Amino acid sequence: MHRLTPDQWQELSPHLDEILGMQDEERSIWLSTLRAQNPTLVEHLETLFAEHRALVEEGFLETRRKFLAEMQEALAQDDRPALKRLAHKVAGGFAMYGFAWAATHCRAMERDALLGDAADLGRRLEAVRRHLGGVQISYRNAGNMEGE
Amino acid sequence: MKKPKVLVVDDDEAVLDYLQAKIGHRYDLVSTNAPENVLALARRHHPALILCDVDMPGMDGGDVSAALHADDDTREIPLLFLTGLASQGDLKRQQHQLGGRPAISKSAPVEELLARIESLIKP
């Protein structure tokens, strides 16, 4: 990922808004035209767009909600190994996508999954679920995606 | 210039998507969410590096590492573990290794991931 300066972000932001509203073919033509004038700008735009697609369109949040529901189910069934496995998986994804708070909480749940108190684990799981429910995607001026 | 090929293994599709978005511009990524396919993919593609999750159902990173090491065709391919098991601080204390293999935390910045990959890819 290319880290962006505030000035670069200011230059990129309107273009990103524009390409997010385009169909694939239209976007491809538009970027090709712009590439001839400013290849660096297009490289940044393509990276940002790919990130957006990975996070939103490919369903990162959707799959996390699904995994959290599976964790709730595992806890209800007292299937602690499954809870531990799922907490680990969810924590890794959160960490990678920059959801630091959720990653830390899921790691703690992974650690306590086998022997922890069920009610306490349930409360912690609910806190992560609520947190995820309130997530809004925004773009910081550093050009990184921010999920929290 | 031809991009180096990197084989990426993780049972979480979101992680594969993320890596495609973040490092796909630098490397020709071959991805799989099935660790049991790694050996065959490594033989077929001869990647410059394999980036592998540690904790996966069925066959974990250690199993993958052992299978690659046991095969003459794949033994020399550098393997970098990508782990959600350890924080960046934990890994630093372990000299950035897990089970004697280089490792990086999933929470590491992309710049650090790129640097580790570059340091392991043979010229």
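Two residues are in contact when heavy atoms of one lie within 4.5 Å of heavy atoms of the other. The legends below describe a predicted model.

**Figure 1. Helices H1 and H5 of chain B pack against each other at an angle of about 80°.** In this predicted model, H1 spans residues 13–23 of chain B and H5 spans residues 110–120 of chain B, with the two axes 11 Å apart. Angles of 65 to 115 degrees count as roughly perpendicular, and H1(B) and H5(B) are therefore roughly perpendicular to each other. H1(B) contributes B:Tyr18, B:Leu19, B:Lys22 and B:Ile23 to the contact, and H5(B) contributes B:Val110, B:Leu113, B:Leu114 and B:Ile117. By class, the residues of this contact comprise seven nonpolar, no polar and one charged.

**Figure 2. The largest nonpolar core of the model contains 48 residues.** The members that touch the most other members are A:Met71, A:Phe94, B:Leu19, B:Ile23, B:Leu51 and B:Ile117. Helix H5 of chain A, residues 80–96, supplies the largest share of this core, with nine residues. Another core, of 17 residues, lies apart from it; among its members are B:Leu7, B:Val38, B:Leu41 and B:Leu79. In soluble globular proteins, nonpolar side chains tend to be buried together. Of the residues that touch the most other core members, B:Leu19, B:Ile23 and B:Ile117 also take part in the contact between H1(B) and H5(B).

**Figure 3. A:Phe94 is among the residues that touch the most other members of the largest nonpolar core.** Residues up to four places away in sequence are left out of the following list. A:Phe94 touches the aromatic residues A:Phe60 and A:Phe99, together with A:Arg64, A:Ala102, A:Ala103, A:Cys106, A:Val128 and A:Leu132.

**Figure 4. B:Val6 is placed in strand E1 of chain B, residues 5–9.** Buried residues have a relative accessible area under 20%; B:Val6, at 0%, is therefore buried. When residues up to four places away in sequence are not counted, B:Val6 touches B:Tyr27, B:Asp28, B:Leu29, B:Val30, B:Pro47, B:Leu49 and B:Leu51. One of these partners, B:Pro47, is 41 residues away along the chain, yet the C-alpha atoms of B:Val6 and B:Pro47 are separated by 5.2 Å. Another partner, B:Leu51, is one of the residues with the most contacts to other members of the 48-residue core.

**Figure 5. Two residues other than glycine, A:Asp78 and B:His46, have positive phi values.** Phi is about 55° for A:Asp78, which is found in the loop between helix H4 (60–76) and H5 of chain A. For B:His46, phi is near 45°. B:His46 is placed in the loop between helix H2 (38–45) and strand E3 (49–53) of chain B. With a relative accessible area of 47%, B:His46 is partly exposed.

**Figure 6. A:Thr40 is placed in helix H3 of chain A, residues 39–57.** Its relative accessibility is 46%, so A:Thr40 counts as partly exposed. The C-alpha atoms of A:Thr40 and A:Gly133 are separated by 36 Å, and the two residues are 93 apart along the chain.

**Figure 7. Chain A has seven helices and two strands.** From the N terminus on, the order is α-α-α-α-α-α-α-β-β. Of the 148 residues in chain A, 45% are buried. Among contacts in this chain between residues at least 6 apart in sequence, 63% join residues at least 24 apart. The mean pLDDT of chain A is 83, with 84% of its residues at 70 or more. Over residues 140–148 of chain A the pLDDT is below 50, although this stretch has 34 contacts in the model beyond near neighbours in sequence. Where pLDDT is low, the predicted coordinates should not be read in detail.

**Figure 8. Chain B has five helices and six strands.** Along the sequence, these elements follow the pattern β-α-β-α-β-α-β-α-β-β-α. Chain B has 123 residues, of which 51% count as buried. Contacts between residues at least 24 apart make up 56% of those in chain B that join residues at least 6 apart in sequence. The pLDDT of chain B averages 88, and 88% of the residues score at least 70. For the model, ipTM is 0.77 and pTM is 0.74.

Note on methods
Residues numbered from 1 in each chain as written. Chains lettered and ligands numbered in written order. Heavy atoms only, no water. Core = buried A, V, L, I, M, F, W, Y, C linked by side-chain atoms within 4.5 Å. Buried < 20%, exposed > 50% of the residue type's maximum accessible area, 1.4 Å probe, protein only. Helix = DSSP H or I, 4+ residues; strand = E, 2+ residues; numbered from the N terminus. Axes fitted to C-alpha atoms, helices over the stretch in contact; angles between N-to-C directions. Parallel < 35°, antiparallel > 145°, perpendicular 65-115°, else oblique. Nonpolar A, V, L, I, M, F, W, Y, C, P; charged D, E, K, R; others polar. pLDDT = per-residue confidence, 0-100.
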